[in-house]
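Reader: Please show me the structure, and teach me to read how its parts pack.

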Amino acid sequence: MSNAPGTRRWAAWTVLALTALLSLGAVAAWSVATPPFTATGLYSLVDLLDGLVYGAVAWLILSRQRTGSRLPGVIACAAALGSALSACVAQWQLAVGGPPLLAVLHHVAWVPGLYALVVVMPWLLPDRPLGRLDRLAAATGLGYVALTTAVLATAPPPLGALPLPPELRAVRAALLRPLAPVLPWALVGLGLLACAGLAWRWRRGPAPQRHGLGWATAGSALLTLSFSASLLPPIVPSTVPALLMLASQAFFPAAVAVVVLRQQLWGLRVAVRRTLVWYLMTAVVIAGYCAAVALLDRLLPRALPLPQLVVTAALAAAFQPIRQAVQRRVDRLVHGEAPEPLLHRVVHSVGTTTDIGATIAAALRLAEVRITEHGPPPPPHDHGPPVAVPLTSGDRLVGHLHAWPRPGELLDGRTRESLAVLAPVVAAVVDLAGTNRDLARSRQRLAEVRDEERRSLRRDLHDGLGPALSGIGLGLAATRNLLRRDPDRAEDLLDRLTDELTARAAEVRELAHGLLPPVLADGGLGPALDLLRDQYARAGLHVVVHGPAALDPLPELIATAAYGVTAEAIRNVQRHAGVDRCTVSLDRLPDLLRVTVTDDGRGVPAGPTNHGVGLHAMRERAQAVGATLTVGPAGARGTTVCLTIPLERP
């Protein structure tokens, strides 16, 4: 396998060199012979053009194709070498004459390659596993080409001059008599059938395989039409088939190369685009000029130069619009879809990153496109290492776009430019998808925090206030029974029930204040923390509050968030720190408020950060006001919770 690429490159350059030498020989012989311009000379021009064009196509296919069938390259080589040889031999015959074998080469050399282009090549496009019908049709076409070549090579002079033994001459005559009128019609029939199959794959085939098939269908139809024109009645000028053959070369060779190679042509994108544009514009201008002048010559007096002037002016006015239209179609043929319309398709496929990747891969004809957010790179792929494009939103890296070419293909600069143009839009989509997921998780955590607060309130009511009220009810019933029998004991029981009700009322007030102290409505964070300190003092936790003697009133939203984070941090100290003391520090600056809760207890557990409901609740409250929350160790022992709130929210 290691020698295969070198062998293909050697074959490609050999074919190109031979085609160039034969073409130069034809031009040199023509300059010596200087024959008059006739229909036969026009066919020699067709052969010369076929040799040059298909020589370049064969060189491209042999040097660039890495996978797939080799038959398209072989057919292109046969068309190039056969046409160039036929043109060279024809001109040297006119210049210096030659043996009868030259006549055979002139009439037969171009047949295998050009006929195979008509009846075989369409069945091979695009490169794919051939079905049973495709294989049968291609085999039939190859059989027809072999039969036609043999018949022409063994035909009697002047078409053929190969010497045959006497016993084979009768066989030749018996075969040629029935085959001679049938073969041209069979070529047209097989060509139309191949063109129909190509058109069906262009309209109905898989989308990734349709690239360039429209041009190939048009070229195949023109090739077949040029051969069918030779079967028309003599009223059709003899130059029409040759002109149709010239016109077909404006479409078919380029489409064959692009369909066979697809993105493998992109390494030569500048040369290919400019060559195609120049070639098509030259063909359009020459064909339009000749056709218009011929038509006006028939309508106007021949003594006037008006037809040439009118046609020249019309072509000059229409040149730039025609060139722009040709340029757009050539760009699409060689490069595929431009990134601008692709941007709209990406924007409309914002569902998931998988949808976006599939959209980009289909439009740019890539094997696969994956979009990864923060995390490990994608696993190894069968198509080798990808091209990775970073996705940034603002100054943040939000992910990477990984693109793999199809098997045997390359990613050129045009594809990389398209991916770079798409990267900001894809980054915005990825960022938006991440934001949506964060919002969904935030809503879920808020629901969890709300449920946890409800469960805590239910426990306090069910385990504390509920049994106490039930006990007070039983005590009142006992008091009623004692009123007449033992008034003194009844009075003592009433005093104790009164104390119990007073304590439970205070507990309800503390519970309500713990949920949201009323002083926060006026931005009174300091008084709210004093109430919180007193509440925990009765529970055995000493809370020390450091801060300004009087805080300026804060916006209610900021005061509520700061109080909620501080209350949750103190609650965590009471539950988890294993100490009876903590410190709350308040720092009020012109543009921010910093609240720090510190203890010298057990500290932050080793390993991953705690993701309990309490910490989620603190983070959610901080994010709601655009604050920053950090939880970390406080020296050798203990924990520090620091909340920094900007007072001027963006």
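Reader: Which hand does the crossing of helix 9 and helix 10 have?

Author: A crossing is left-handed if the near helix is turned anticlockwise from the far one by less than a right angle, and right-handed if clockwise. The crossing of helix 9 and helix 10 is left-handed. This is a predicted model, where local features need pLDDT of at least 70, side-chain atom pairs count only at pLDDT 80 or more, and totals for chains, interfaces and linings use all residues. Residues are numbered from 1 along each chain as its sequence is written, and side-chain values use heavy atoms, without hydrogens and water.

Reader: At what angle do helix 9 and helix 10 pack?

Author: About 165°, with axes 9 Å apart. Helix 9 spans residues 182-204 and helix 10 residues 213-229. The two are therefore roughly antiparallel (over 145 degrees).

Reader: How do I read aromatic pairs, and how many are there?

Author: Rings of Phe, Tyr and Trp (its six-membered ring) pair if their centres lie within 6.5 Å; planes under 30 degrees apart count as stacked, over 60 as edge-to-face and the rest as tilted. The count here is 4 aromatic pairs. Trp13 and Trp59 have ring centres 5.3 Å apart and planes at 65°, so they are edge-to-face. Tyr115 and Tyr144 are stacked, at 6.1 Å and 20°.

Reader: Is Tyr115 buried or exposed?

Author: Buried means under 20% relative accessible area, exposed over 50%, partly exposed in between (1.4 Å probe, protein chains only). Tyr115 is buried at 10%. Tyr144 is buried too, at 7%. Trp59 is partly exposed, at 21%.

Conventions
Axes are lines fitted to C-alpha atoms, for helices over the stretch in contact, and angles run from 0 to 180 degrees between N-to-C directions. Helices (H or I, at least four residues) and strands (E, at least two) are DSSP runs, numbered from the N terminus. Angles under 35 degrees count as roughly parallel, over 145 as roughly antiparallel, 65 to 115 as roughly perpendicular and the rest as oblique.
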